[in-house]
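Visitor: I am new to this structure. Please take one close look at a single part and walk me through it.

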Amino acid sequence: GLTIGGTTNVLAGGKLTGTGALGILNVAGTLAPGNSPGITTAESAKWDTGGKYEWELNDTIGIAGNEPSGFDQFQVTGALTINTGFTLKLISLNSLNEAGTPANWDSMGSYSWTIATATGGITGVGNITIDTTGWTADVGPGGNNWSRSTAATARTTSLVLTYVPEPGTLGLLAIGALALLGRRRNRRG
């Protein structure tokens, strides 16, 4: 990848994509790490109002930045600041990196991915709005079951994206299974 020092500003309407290392990164446009999927790094970063992180996944058990089976990740060696009005756009890809269902995806499974890391900490995670319009894989009858949070270790803070099927969905499936069993018993009797 390319290495660029100094300050890089991704302005509204602009898009930064590919792999490489940046100095200071300010995102008011679109950040799309890697080349479906991949990793982009920066010394420090600010995700600003109106900006967007296009996060791609093509294998639920893949490795960050790994192509052909993995997911995007943004790595910061300093601090990551997230301002109000920043969007995380989720994009599901099939094994050909086209819109579709990622390998090993099960809408009834629970998943977590570290989508960004910052050794200097992450602030403003609650300012992120999750956009699922690019997620074409089935999420089951529960719909939008995505959340974001941070996890900290002694050295790094991580931005974690989590998918958990809605508990109501599991309950509906159980009720449906019981109804089928009851119907089956009634037919035998």
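Guide: Start with a term. A salt bridge is a side-chain nitrogen of Lys or Arg within 4 Å of a carboxyl oxygen of Asp or Glu. Buried means under 20% relative accessible area. Keep in mind that this is a predicted model.

Now the part itself: Glu56. Glu56 sits in strand β6, which covers residues 52-57. Glu56 is buried, yet it has no salt bridge. Which side chain of opposite charge is nearest to Glu56? That is Lys15, 6.7 Å away. A salt bridge needs the nitrogen within 4 Å of the carboxyl oxygen, so 6.7 Å does not qualify.

Where does Lys15 pair instead? The side chain of Lys15 meets that of Glu54 in a salt bridge, at 3.0 Å from N to O. Glu54 belongs to strand β6 and Lys15 to strand β2 (residues 15-18), so this pair ties together parts that are 39 residues apart in sequence. The two partners differ in cover: Glu54 is buried, at 14% relative accessible area, whereas Lys15 is exposed, at 53%. In general, side chains of opposite charge can pair when their charged atoms come close.

The structure holds 2 salt bridges. The Glu54 and Lys15 pair is one of them. Asp48 and Lys46 form another, with their closest N and O atoms 3.7 Å apart. Both of these residues are partly exposed: Asp48 has a relative accessible area of 23%, and Lys46 has 30%.

Back to Glu56. What does its side chain contact? The side chain of Glu56 makes a polar contact with the side chain of Ser36, at 3.0 Å. Leaving aside residues up to four places away in sequence, Glu56 touches Ser36, Pro37, Gly70, Phe71, Asp72, Ile91 and Leu93.

Follow Ser36 next. Ser36 lies in the loop between β4 and β5. Ser36 is buried, with a relative accessible area of 19%. Its phi is near 65°, a positive value in a residue other than glycine. The peptide bond from Ser36 to Pro37 is cis, with omega near -20°. Most residues other than glycine have a negative phi, and most peptide bonds are trans.

Pro37 is in that loop too, between β4 (30-33) and β5 (39-47). Pro37 counts as buried, at 4% relative accessibility. Beyond residues up to four places away in sequence, Pro37 touches several others, including Glu56, Asn58, Gly65, Asn66 and Glu67. Gly70, Phe71 and Asp72 appear among the contacts of Pro37, and these three are also touched by Glu56. Pro37 and Asp59 are 22 residues apart in sequence, with 9.8 Å between their C-alpha atoms.

Asn97 is one of the residues that Pro37 touches. Asn97 is found in the loop between β11 (86-92) and β12 (111-118). Asn97 has a positive phi of about 60°, although it is not a glycine. At 24% relative accessibility, Asn97 counts as partly exposed.

Last, step back to the whole chain. The secondary structure comes to 1 helix and 16 strands. Buried residues make up 43% of the 189 residues. Among contacts between residues at least 6 apart in sequence, 59% join residues at least 24 apart. The accessible surface comes to about 9,300 Å², and 53% of it belongs to carbon and sulfur atoms.

Methods:
Residues numbered from 1 in each chain as written. Predicted model: local features only at pLDDT ≥ 70, side-chain atom pairs only at ≥ 80, totals over all residues. Heavy atoms only, no water. Helix = DSSP H or I, 4+ residues; strand = E, 2+ residues; numbered from the N terminus. Buried < 20%, exposed > 50% of the residue type's maximum accessible area, 1.4 Å probe, protein only. Lys, Arg positive; Asp, Glu negative; His and termini not counted. Polar contact = N/O pair within 3.5 Å; in protein donor to acceptor, adjacent residues only side chain to side chain. Contact = heavy atoms within 4.5 Å. Areas by Shrake-Rupley, 256 points an atom, 1.4 Å probe, with all protein chains shown as cover.
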